[in-house]
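Here is a short report on one protein–ligand model. Please look over the sequence and the structure first.

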Amino acid sequence: MSSDAAKVVALFGPPGSGKGTQAERIVEEFGYTHLSPGNMLREEIRQGTDLGREAESIMKAGKLVPDSVINPMVAGRIRQELAAGRRVLLDGYPRTIPQAEYMETALREIGSEVSVVFRLEIAIEALLSRLLGRLNCPKCGAIYHEQSKPPAAAGICDACGTELVKRSDDNEASVRQRMDAYRQQTEPILDRFAAQGKVALVEADRSPEAVYADICRRLRGAA
Ligand code: AP5
């Protein structure tokens, strides 16, 4: 696969496996548009929209927002970005079989498809401490960790100076629910992409740099 061909690329992995962290790097180096329904929904909540109000309690509980809300929101953006000649990095979509079907149909209609799905593999038990220590920048989206990636000034984003926050779903009960949702509703989609020869396995229990190096190799078509 050459990087020119990789118009739609997806990151899959359980909560805390490093999808957002890797997305930051991929976007910076390869110029993809980062489409994360989680980020879109958090922005809706921040702006106090009807959609945000509908999603807030569901997300806080660690459950999936209904497909009927997610599908038009994300598939519309994918089509818009591709029509403008941009490449798309999906982070957290699709997450259910109906979402995968909806996305495939929407892409097929415009002669496109997902090129590669990176599956970030890590034992779920290892992820709790990553999530409980995470800090996020609500303005630019930068991701930190209290121990493994602290900002230079405590509680302040290095990139834009905004006060960092903890996500309301980064508590033990929500994290366990999100892990269950991943196992039950999202992992089965991977069989579908594997049957199409599109899944690239990436060992995610390593440094962010080592994980990124594997993704890069594949994106550059060198693997
Ligand atoms: P979303 O925002 O997508 O959350 P998630 O899938 O639970 O994933 P996270 O963002 O928690 O983790 P990540 O893998 O991005 O890890 P990160 O890089 O931040 O979704 C949130 C909610 O929105 C869902 O629960 C649902 O309600 C709703 N939603 C979203 N999409 C939906 C959909 N399609 N359908 C229905 N509902 C949807 O890293 C985590 C921490 O680990 C950080 O502190 C980081 O610094 C650290 N870290 C990262 N990589 C490494 C590494 N290699 N080594 C050590 N530490 C690392």
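## Aromatic pairing

This is a predicted model. The count of aromatic pairs comes to one. F12 and F193 form that pair. Their ring centres lie 6.0 Å apart, and the planes make an angle of 70 degrees. The geometry is edge-to-face, because planes over 60 degrees apart fall in that class.

The pair links distant parts of the chain. F12 sits in strand 1, F193 in helix 7, and 181 residues separate them.

## The cavity

How many cavities of 30 Å³ or more does the structure hold? There is one. The volume of the largest cavity is about 60 Å³.

F12 of the aromatic pair also lines this cavity. The other lining residues are L11, G13, K19, G92, Y93, P94, R95, Y182 and T186. Strand 1 (8–12) and helix 7 (172–195) each supply at least two residues of the lining. These two elements also carry the aromatic pair, with F12 in strand 1 and F193 in helix 7. By class, the lining has five nonpolar, three polar and two charged residues.

## The ligand shell

The ligand is surrounded by 34 residues. The closest are T21, K63, R95, R134 and R178. Of these, R95 is also part of the cavity lining.

Which helix gives the most to the shell? Helix 2 does, with four residues. At least two shell residues each come from helix 1 (19–30), helix 2 (37–47), helix 6 (128–132) and strand 6 (143–145). Sorted by class, the shell has 14 nonpolar, ten polar and ten charged residues.

## Polar contacts and burial

Both backbone and side-chain atoms of the protein face polar atoms of the ligand. A polar backbone atom of G20 is 2.8 Å from an oxygen atom of the ligand. In R42, an N or O atom of the side chain is 2.8 Å from a ligand oxygen. Helix 1 covers 19–30 and helix 2 covers 37–47, so G20 falls in helix 1 and R42 in helix 2.

A nitrogen atom of the ligand is also in range: a backbone N or O atom of V65 lies 3.1 Å from it. These three distances are within 3.5 Å, so each pair counts as a polar contact.

How much of the ligand does the protein bury? Taken alone, the ligand exposes 1000 Å². The protein buries 95% of that area.

Methods: Residues are numbered from 1 along each chain as its sequence is written. This is a predicted model: local features need pLDDT of at least 70, side-chain atom pairs count only at pLDDT 80 or more; totals for chains, interfaces and linings use all residues. Side-chain values use heavy atoms; hydrogens and water are left out. A residue is near a molecule or strand if one of its heavy atoms lies within 4 Å of it. A polar contact is a pair of N or O atoms within 3.5 Å; within protein, one must be able to donate a hydrogen and the other to accept it, and residues adjacent in sequence count only if both atoms are side-chain atoms. Accessible areas come from the Shrake-Rupley method with a 1.4 Å probe; for residues, only the protein chains shown count as cover. Ala, Val, Leu, Ile, Met, Phe, Trp, Tyr, Cys and Pro count as nonpolar, Asp, Glu, Lys and Arg as charged, and the others, Gly among them, as polar. On a 1 Å grid over the protein atoms alone, a cavity is a set of points where a 1.4 Å probe fits but cannot get out, and a pocket is an open set with protein on both sides within 12 Å along at least five of seven lines; lining residues have an atom within 4 Å of a point. Grid points are joined across faces, edges and corners, and a volume is the space filled by probe spheres set on the points. Rings of Phe, Tyr and Trp (its six-membered ring) pair if their centres lie within 6.5 Å; planes under 30 degrees apart count as stacked, over 60 as edge-to-face and the rest as tilted.
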